[in-house]
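Subject: The structure for you to look at

Hi,

Here is the structure I said I would pass on, with my notes underneath. Please open it alongside this email and follow along.

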Amino acid sequence: MRVTLGGVNKSFAANHILKDLDLTFDAGEFVTLLGPSGCGKTTTLRCVAGLENPDAGSITAGDRVFVDASEHSFLPPHKRRVGMVFQSYALWPHMTVRSNVAYPLKRQKVARPEVKRRVQETLAAVGMQAHADRYPHELSGGQQQRVALARGLVSAGGLMLFDEPLSNLDTKLRTAMRTEIQRLHKKFGNTSIYVTHDQEEALALSDRVVIMNAGRVDQVGSPETVHSEPGSRFAADFVGFENILECQSLDSAGIATLDGGLQFRAGGERSSPTPGSAIAFRGKNVRPGKIDGAAIAGRGVIRDSTYVGEQWTANLETPGGALVAVAVPAGGERFIGREGDGTTVDFGIRADDVVVLER
Ligand SMILES: Nc1ncnc2c1ncn2[C@@H]1O[C@H](COP(=O)(O)OP(=O)(O)OP(=O)(O)O)[C@@H](O)[C@H]1O
């Protein structure tokens with residue numbers, strides 16, 4: 001089911017939360033809304049579910065109009081046939097697993113034999129049929145989340161909404177449930193809209209990632225694109241580019257002077273800097289020594305070196321006062337761990353590891 005949001009705006013009192021949101025989700029696609037706390041992800045999801053009513057704009061799903069503010073039309077939530085899974089599971093404590101999953105179908109006035117069949121089928125799909133007669137408090141967190149998934153799936157007429165469903169689970173279970181969500185998404189073929197602030201989760205699950213910033217779409221792209229080619233300073237920072245240096249000036253040969261006096265010589269596949277642009281690179285791409293054909297080459301004093309298990313992190317303080325964050329694998333041949341704070345080292349960054357940010 002194709003879902004389209006056109007010009008969606010939503011305010012709570014004087015706070016303008018969603019600002020002219022245009023988004024399209026293709027049939028059967030898995031799309032994640034990724035962004036920091038408060039950027040409006042949940043509000044977007046709640047507008048699609050019908051739990052909030054946008055002040056302006058429209059939302060359509062397939063050939064159905066969920067809401068069109070200009071026409072004052074609003075389809076109530078239970079008529080949208082949307083499956084929703086919440087962080088808190090939101091299971092009814094006084095109902096068995098079976099009754100929890102059957103609940104949305106009963107609200108839709110589905111005939112009894114069909115309710116029975118669909119509940120059984122869905123509980124089997126999430127591996128919970130053996131626990132059908134238990135109550136939520138008799139289940140582990142992971143099992144409760146499976147029931148919540150089943151309840152969402154049973155009522156999803158082509159559209160599933162997930163609001164940080166894995167946040168309450170421990171790391172190991174979270175990874176297992178991620179695989180499970182992917183498997184169920186493929187099996188049921190719903191369009192899935194998934195909200196998270198966890199970058200790794202978004203990359204692992206999605207066909208496309210929507211990065212949201214303060215109620216607007218900042219960037220939309222494949223997981224690979226948003227990870228390696230962020231479109232803005234905000235997106236770069238959010239997906240973990242530790243270094244974002246402003247381009248202070250540009251000479252006629254196209255060499256940019258960055259914060260702290262570092263120089264950037266454009267090359268490779270990436271575009272050239274322009275005045276007002278910034279340069280971003282990851283700490284793991286800062287290489288030790290003098291690098292042949294480096295786009296950025298410098299020297300810095302190692303500061304703040306910290307061992308964090310798999311790697312060392314540190315800042316390299318350049319003579320011009322810039323701090324360049326580095327992350328190097330622990331136990332390797334590379335600098336930081338061996339040299340330690342206070343040592344001056346050469347470093348370089350290759351052109352292919354640098355992204356030029358125009359906004
Ligand atoms: N019912 C409400 N009344 C007033 N303000 C609200 C309401 N719901 C959300 N907000 C505000 O809207 C903003 C966006 O909230 P929303 O829950 O959509 O963000 P989010 O991106 O999902 O963040 P989080 O990851 O923390 O859930 C926040 O500032 C929040 O306080």
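Strands S12 and S13 (residues 255-258) pair in the antiparallel sense over three bridges, and this is a predicted model, as is everything else described here. Across that pairing, Cys 247 stands opposite Leu 258 in S13. The hairpin of S12 and S13 has four residues between the strands, and Gly 254 takes a positive phi near 85 degrees there. S12, which covers residues 243-250, also pairs with strand S15 (residues 278-281), in the antiparallel sense and over four bridges. On that side, Ile 244 is the residue opposite Ala 280 in S15.

Stepping back to the whole protein, there are eight helices and 21 strands. The C-alpha trace spans about 75 × 50 × 35 Å along its principal axes, and 38% of the 359 residues count as buried. The domain assignment splits the protein into domain 1 (3-228) and domain 2 (241-357), with 40 Å between their centres, taken over C-alpha atoms. The unreviewed UniProt entry carries the annotation "domain: ABC transporter" for residues 3-239. That span is 36% helix and 28% strand, and its end C-alpha atoms lie 26 Å apart.

Now to the ligand, which I expect you will want to look at closely. Which residues are around the ligand? They are Phe 12, Ile 17, Gly 35, Ser 37, Gly 38, Cys 39, Gly 40, Lys 41, Thr 42, Thr 43 and His 197. By class, this shell has three nonpolar, seven polar and one charged residues. Helix H1 (residues 41-49) gives the most to the shell, with three residues.

H1 deserves a second look for its surroundings. Eight of its nine residues are buried, so the helix is largely enclosed by the rest of the structure. The buried ones are Lys 41, Thr 42, Thr 43, Thr 44, Leu 45, Arg 46, Cys 47 and Val 48. Just after H1, Gly 50 takes a positive phi of about 90 degrees.

Strand S3 (residues 30-34) is mostly covered, with five of its five residues buried. Phe 30, Thr 32 and Leu 34 point one way from S3, while Val 31 and Leu 33 point the other way. Which strands does S3 run parallel to? One is strand S9 (residues 191-196), joined to S3 by five bridges, and there Thr 32 has Tyr 194 as its bridge partner. Another is strand S10 (residues 208-213), joined to S3 by four bridges, with Leu 33 opposite Val 210.

There is also an open sheet of five strands, in the order S2-S1-S4-S5-S6, with antiparallel pairing. Strand S2 (15-25) and strand S6 (73-74) stand at the edges with a single partner strand each, so one side of each is left without a neighbour in the sheet. Further in, strand S1 (residues 3-12) and strand S4 (residues 56-61) pair over five bridges in the antiparallel sense, and Leu 5 stands opposite Ile 59 in S4.

As for the interior, nonpolar side chains tend to be buried together in soluble globular proteins. Here, the largest nonpolar core has 88 residues, and Val 48, Ala 150 and Leu 161 touch the most other members. Helix H4 (residues 141-155) provides the largest share of this core, six residues. The core draws at least three residues from each of domain 1 (3-228) and domain 2 (241-357).

One last spot to find on screen is Asn 168, in the loop between strand S8 (159-163) and helix H5 (171-188). Is Asn 168 buried or partly exposed? Asn 168 has 16 other C-beta atoms within 10 Å, so it is partly exposed. Its C-alpha atom is separated by 7.5 Å from that of Ser 88, although the two residues are 80 apart along the chain.

Happy to go through any of this with you at the screen.

Best wishes

How values were computed: Residues numbered from 1 in each chain as written. Predicted model: local features only at pLDDT ≥ 70, side-chain atom pairs only at ≥ 80, totals over all residues. Domains from an automatic or database assignment. Near = placed C-beta within 6 Å. Helix = DSSP H or I, 4+ residues; strand = E, 2+ residues; numbered from the N terminus. Nonpolar A, V, L, I, M, F, W, Y, C, P; charged D, E, K, R; others polar. UniProt positions renumbered as here; feature names shortened; annotations may be inferred. Buried ≥ 20, exposed ≤ 12 C-beta atoms within 10 Å, placed from the backbone. Pairing = 2+ DSSP bridges. Core = buried A, V, L, I, M, F, W, Y, C linked by C-beta atoms within 7 Å.
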